[in-house]
Structure formats: C-alpha cells, structure tokens
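Dear colleague,

I am passing on the structure we spoke about, and it follows directly below. After it you will find my notes on what turned up when I went through the model.

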Amino acid sequence: MIQPYNRAEVVFDILEEIGFEGKNSNVYKAYDHQLGAELVIKKIPKHAFNGNHSNFFDEAKTLYLSSHQSVVPVHYSCIDSDHVYIALPYFPNGSLKANLANRFFTVREIVRYACQFLSGLHNIHSKGLIHFDLKPDNILISKNNEAVVSDFGLAMHTNTIGVASPAGFYNKHVPPEALVTQAFTNAFDIYQAGLCLYRMCNGDQNFEQQFNKYIDQQNRTFKQAEFMEDLRIGTFPDRNHFLEHIPSRLKRAIQTCLSVDPDSRYDTVIDLINELSSIDGNELDWQYSEKGTDRNWIKQLGETVISITVDQNNTSHATKGKAGNARRVTKYCKSNLTTRELKRFLREN
C-alpha cells in the first residue's frame, strides 16, 4: 500500500539579513512562530542545485548526521516554490571572524576555541565527511562561549579510500594540492584549520592584507598566476609571521598544518588537538592590542598588572604592579627594544 506524502507548513518572519555565505545562499535572523524563538534561516535558491532536486536537503542531512556538541545543530529544513531553507540556532555572539574584527584573542582563548571546533571537525571526519569550507566565518561562538562548526554546504562523503571532491572552493583557504588534483583527503580540512589558527594568532586584518596584495586595485583584477605560485611554494600566507607573544609550540603546530605537502601535515585532527592541549607558559594570557602605531601587551595576575607598549620606533615602556600603582620595569623601558628582548619580556612575565 502506497503511503500518502504529507506536506505541512512552517511560518517564520525574516527579521534581518545577518550574513552572505556565498554566491548561492543568504543568511537571515528570523522569528519562528511554531517554536516561538529566534532562529537563523539559510536561504538557498533552487536553481543553485542545477536541477538536481534530490540534493535539496543534502546539507541539512549532513548537519543532522554530524550531530555533536561542537557542530551547529539543525532544527528543520523546508522548501517553497523557489528556495530551500535550513533552520539553525541563532548565535548572538557571532562568528570567530566577527569577534576577530573587534579584538585580538589571547593564546589561551585561541587554544580553547581551537580544541572546541576541532573536536567538531574530528566528529565530522569520523562520519566519513570532509568539510571543505572551514574558515572563521563558519565557526560560531555559542552562548556558553564555545566554538562550533557550521555551514556544510560544501561537505562531501569520502569514498572507500578516504577521498572526496568538493563542488567548489573558498579561494582564500584553498590548499596547495588543489593546484594539481581534485581528489582530497582529510588533510584538506587540516590545512584550513591551520589557516583559522593563523588568523586567530595574527588578527584577521593581517591575513586580509596578505591576500589583498594579489588584487590589482586599479584594474580590480586578481593576480591569479602570482597567487598560485605563492600557494605552491608555501609563501602565502607568510608562515614566519607571528605576533611576538605566540608560543613556539603553537607556531610549529600551525606550520605543520600549513605544510605544502599534505602528507607532512597532522595525520588526524586528534593529533592536532593533542599538540594544542600541551601548550603552556607565561604567554597564554597576554591581551594584545594596537592603537595607531603603538602596540601593547597587558595581562593581570591577581592584583598585579603587567604591560609593555612599543611604538613604531621600537621605543618601549614597561610597567608592573597593582593597578594605579604600577612601577616602570627599567630594563625594558628602552629607545630601541629588539624583538628578542620583547619576546623575553613576554615569556618571563
């Protein structure tokens, strides 16, 4: 006996557009009348599926399959005459990218957020999936201040030998092997995880500045040949550029993720998590900021506040003591502070 196919209605009001995920989707904050809650609605035009109706709910199915505390859950998915909709929780704390636009993270925050979203990525890989679109835009911060993975629009199941091919790429996070093959392993995601860590360590502005050098501002064209060559030889991004308070162990972990040869990266996400979990030292809690051409590091240990400011001429001013009664650290108040001296101050205090 053939069972009837039931259709039901869902009603939601679009409140505001909160993101443009790519050329094929838009993201909105919405109010769902059935749940009485604010949600996020991802809206995808049906024509983006190139007439393949069976793929309408692939992303929602993948999200459901990947259920994990560090993966954004899916509430439901539905269609109308022109679009596919995916309903997700609303994250008022925004994405990693949005937070990076406001301030630099401490090393402790970087390690904690990374271990959280990497736990979600490990879960994804354990289900035989490659995410293919890991970037700060697609890592959201929950109400509990935890990082979770979102946006499975490019995710693909691997075949029997652990290989998959995505429908497209995010150019800024494309790995070097994409220049020579269309078949990828989990090493693709590990490279992208390394880029997320790199951007968290150095700030998003630095990464964007490095990428923008490939854009001819006068002609508004992309210097593709130059970009591809730098990607091939591993000079984009600059793997030697890190802020002075970033521990050597964290730098090495990121450099391993960004290895040009996929076989030289971490074998699994768990290997990367284990490496990050072992990072310790005095550099963990420095809060870095920039004001004009001045760079400042500050942290608080109990009632003691430690800070150092370095201007564009490398003139430094360091203090240590209780708030309002801090004293100069004469040894590090200099007219020409070297990078080695700055790193020593940050490592020893």
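To begin with the interior of this predicted model, the largest nonpolar core has 88 residues, and the residues with the most contacts inside it are Phe117, Leu118, Leu250, Leu272, Leu276 and Ile308. Of these, Ile308 may be worth displaying together with its surroundings: once its neighbours within four places in sequence are left aside, isoleucine 308 is in contact with Arg295, Asn296, Trp297, Ser316, His317, Ala318, Tyr332, Leu337, Leu342, Phe345 and Leu346. There is also a second, separate core, which has 8 residues, with Phe12, Leu39, Ile41 and Tyr85 among them.

As for the overall division of the protein chain, the domain assignment gives domain 1 as residues 12-89, domain 2 as 94-278 and domain 3 as 287-348. The centres of domain 2 and domain 3, taken over C-alpha atoms, are separated by 31 Å, and the contact between these two domains takes 8 residues from domain 2 and 10 residues from domain 3.

Between them, domain 2 and domain 3 bury about 750 Å², of which 58% lies on carbon and sulfur atoms. On the domain 2 side, Phe104, Glu244 and His245 lose the most area to domain 3, and together these three account for 72% of what that side buries.

Turning to the polar side of this interface, the count between domain 2 and domain 3 is 1 salt bridge, while 3 residue pairs are in polar contact, with both residues of each pair at pLDDT 80 or more. Sorted by class, the side of domain 2 that touches domain 3 has 2 nonpolar, 2 polar and 4 charged residues. Glutamate 244 also appears in a salt bridge, where its side chain meets that of arginine 295 at 2.9 Å, N to O; arginine 295 is, in turn, one of the residues in contact with isoleucine 308.

Best regards

Terms used
Residues are numbered from 1 along each chain as its sequence is written. This is a predicted model: local features need pLDDT of at least 70, side-chain atom pairs count only at pLDDT 80 or more; totals for chains, interfaces and linings use all residues. Side-chain values use heavy atoms; hydrogens and water are left out. Domain bounds come from an automatic or database domain assignment. Contact means heavy atoms within 4.5 Å. Buried area is the accessible area (1.4 Å probe) that two parts lose on being put together, summed over both. A salt bridge is a side-chain nitrogen of Lys or Arg within 4 Å of a carboxyl oxygen of Asp or Glu. A polar contact is a pair of N or O atoms within 3.5 Å; within protein, one must be able to donate a hydrogen and the other to accept it, and residues adjacent in sequence count only if both atoms are side-chain atoms. Ala, Val, Leu, Ile, Met, Phe, Trp, Tyr, Cys and Pro count as nonpolar, Asp, Glu, Lys and Arg as charged, and the others, Gly among them, as polar. A nonpolar core is a set of buried Ala, Val, Leu, Ile, Met, Phe, Trp, Tyr and Cys residues joined through side-chain atoms within 4.5 Å. Buried means under 20% relative accessible area, exposed over 50%, partly exposed in between (1.4 Å probe, protein chains only).
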